[in-house]
Amino acid sequence: MKQFVINVTPGPTFLHHLSGKTKVMLFGTFIFYTLMSFDVRLLLPLFILCLVALISLKPNWKVVIALFTFIFFMNLINLVLFWLVDPDVGQYYTTDTRTILLSLGNFFLSRETFWYLLIRQLKLMTSFMVSLTFILAITPSEFAAGLYGLGLPYKVCTVVSLAFRYIPDIANDYENIKISLQARGLEMDKRKLNLFKRLKDNLFILLPLIISSFDRIGNIANALDLRAYGLLKKRTYYAEHEPTKADHVFRFIAIAVLVFSFAWIGSRMIWPPVTQMWTPF
Amino acid sequence: MQKKNLAQLILGDWNTKTVVGVAIGAALFGVLMVYGGVKVFTNTNLTTAMLIPVIVGALFGPVPALVACFFGNVIADLIGGWGFWFDWSIGNGVLGFFVGLLPLYGADINKGVFTVKHAVIFALVAILGNALAFGVVTPLFTLLFFGGELNITFLQSLTGGASNVLVLTVLGIPLLFALAKRNASSQNLVKE
């Protein structure tokens with residue numbers, strides 16, 4: 001199985017050292033900020049901020065660039081589809097005018113549509129950057145601890161941390177089942193089989209994998225029960241530390257961004273209602 | 001065992017067993033979503049992950065299936081690293097809820113109760129759930145979050161929904177029959 005993008009051990013940089021709750025708070029508010037705005041003046045600063053944060057995390061750039069290109073082109077294909085189906089798609093979101101930039105036979109690209117598609121791409125990429133920064137800065141245990149810090153019931157948080165604990169076991173089981181099926185004569189070579197046959201063969205591995213995984217519920221649940229899991233109403237997390245000075249600052253920033261977002265929605269979208277985005281023209 | 005009321009059936013009882021089951025379900029859902037799919041359309045996969053809510057729902061009920069699907073999708077986003085697309089996580093959660101309604105219409109996999117009647121209801125609910133989750137909920141959230149061209153957004157969601165229905169009915173129903181048969185053999189004592 002390939003390497004995950006999320007780290008399991010905490011990294012060395014400043015952002016890694018923030019507590020789980022702070023990271024989840026920052027992520028939540030910034031994703032909310034991204035989703036509510038369709039405005040280049042709000043999105044571009046965040047995009048640059050995320051880029052700076054990403055650089056400060058010293059990630060494995062090969063993976064990051066591969067992911068970025070993948071997401072970029074996935075969304076680009078989407079945009080081209082939007083444009084092909086309705087070349088006027090931008091008019092609803094920008095201004096009612098139609099200024100043709102270039103035309104190819106029946107198809108044309110108007111300035112409004114181009115602007116709209118550009119901003120949508122920026123918005124999707126900003127949302128992706130916020131997520132990626134968060135994913136690279138946090139570990140699964142911190143994520144669970146952070147969710148608990150925000151008031152989720154800890155049984156739900158356990159789902160997250162336990163699920164991550166279980167993923168290497170799944171990988172192990174998968175390999176074992178694959179090897180034993182190969183020993184019984186199942187062809188696994190990609191070059192020798194067509195797609196449909198390969199799908200069917202994969203199913204032969206997946207069904208035992210799924211069933212054996214669920215068979216283990218009893219054992220794990222007993223082990224947890226023996227350690228008195230679920231006895232008390234509260235829980236502390238080993239991965240979570242006391243908030244430091246930096247944590248307090250960043251939590252304050254997160255709350256400020258949230259307040260700003262609500263103020264923005266209240267003043268820009270609800271009253272007076274504005275459906276059109278800001279344009280330079 | 002006394003009969004549970006409706007709220008309990010929907011919520012499931014959140015004991016340690018349920019927590020572990022949902023966690024394993026979420027882990028498998030995440031892994032299968034990343035590694036166990038075939039591309040159908042932009043943003044859409046024919047994924048075997050859809051088998052997970054079937055099992056979690058059958059064992060624990062609709063809300064655990066919802067949690068398993070939502071967090072499974074979040075976990076897939078975390079290990080895949082392609083960012084969070086909550087419109088799809090929410091859609092998957094809603095679908096998980098519908099698929100997990102199994103105990104509500106009398107199917108009880110733990111005791112080996114799963115008949116042709118249940119299979120038909122299951123297929124109908126799967127279609128309905130997909131129509132609602134990917135025909136209404138996900139496109140609405142996509143439009144709310146990102147805006148976009150209505151037709152394409154619906155088309156994407158609906159191909160996702162259609163491929164899910166395919167996996168759920170073609171693979172899910174035989175799986176349920178197999179599980180029920182397996183559990184039935186350990187429950188052959190007759191109460192007198």
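A polar contact is a pair of N or O atoms within 3.5 Å; within protein, one of them must be able to donate a hydrogen and the other to accept it, and residues adjacent in sequence count only if both atoms are side-chain atoms. Keep that rule at hand for the exercises below.

This is a predicted model, in which local features need pLDDT of at least 70 and side-chain atom pairs count only at pLDDT 80 or more, while totals for chains, interfaces and linings use all residues. Residues are numbered from 1 along each chain as its sequence is written, chains are lettered from A and ligands numbered from 1 in the order in which they are written, and side-chain values use heavy atoms, with hydrogens and water left out.

**Exercise 1. Find the backbone oxygen that the side chain of A:S261 reaches, and describe the surroundings of A:S261.**

Step 1. Start with the address: A:S261 is part of helix α10 of chain A. Helices (H or I, at least four residues) and strands (E, at least two) are DSSP runs, numbered from the N terminus.

Step 2. Follow the side chain, which comes to 2.8 Å from the backbone oxygen of A:V257.

Step 3. List the partners beyond four places in sequence: A:S261 touches A:F32, A:Y33 and A:M36. Contact here means heavy atoms within 4.5 Å.

Step 4. Check accessibility. A:S261 counts as buried because its relative accessibility is 0%; buried means under 20% relative accessible area, exposed over 50%, and partly exposed in between (1.4 Å probe, protein chains only).

Step 5. Stay in the helix for one more residue. A:W264 also lies in α10 (residues 245-270) of chain A, and at 14% relative accessibility A:W264 is buried. Its C-alpha is 8.6 Å from that of A:S37, although 227 residues separate the two in sequence.

**Exercise 2. Describe the setting of A:T13, in the segment before α1 of chain A.**

Step 1. Look for a side-chain partner: A:T13 and A:H16 are joined by a polar contact of 2.8 Å between their side chains.

Step 2. Leave aside neighbours within four places in sequence, and A:T13 is in contact with A:S56, A:L57 and A:K58.

Step 3. Classify the residue: with 10% relative accessibility, A:T13 is buried.

**Exercise 3. Trace the salt-bridge network that includes A:D169.**

Step 1. Apply the rule: a salt bridge is a side-chain nitrogen of Lys or Arg within 4 Å of a carboxyl oxygen of Asp or Glu. Over all chains, the count comes to five.

Step 2. Take the pair A:R165 and A:D169, whose side chains meet at 3.5 Å, N to O. These two residues are four apart in helix α7 of chain A, so about one helical turn separates them. A:R165 is exposed, at 52% relative accessible area.

Step 3. Now go from A:D169 to A:R216, a salt bridge of 3.8 Å, N to O. This pair links distant parts of the chain, from helix α7 to the loop between α8 and α9 of chain A, 47 residues apart. A:R216 is partly exposed, at 25% relative accessibility.

Step 4. Assemble the network: its members are A:R165, A:D169, A:D173 and A:R216.

Step 5. For another salt bridge, turn to A:D39 and A:R41, with their closest N and O atoms 2.8 Å apart. A:D39 is buried at 5% relative accessibility, whereas A:R41 is partly exposed at 40%.

**Exercise 4. Characterise the contact between chain A and chain B.**

Step 1. Count the residues: chain A gives 62 and chain B gives 57.

Step 2. Add the area. The two chains bury about 5100 Å² between them, 82% of it on carbon and sulfur atoms; buried area is the accessible area (1.4 Å probe) that two parts lose on being put together, summed over both.

Step 3. Look for polar links. Across this interface there are zero salt bridges and one residue pair in polar contact, both at pLDDT 80 or more.

Step 4. Sort the chain A side by class: 49 residues are nonpolar, six polar and seven charged. Ala, Val, Leu, Ile, Met, Phe, Trp, Tyr, Cys and Pro count as nonpolar, Asp, Glu, Lys and Arg as charged, and the others, Gly among them, as polar.

Step 5. Check the confidence in chain B. Its mean pLDDT is 78, and 85% of its residues reach 70 or more; pLDDT is the predictor's confidence in each residue, from 0 to 100. Among the elements of chain B, strand β1 (residues 37-41) has the lowest mean, 55, and helix α2 (residues 16-35) the highest, 86.
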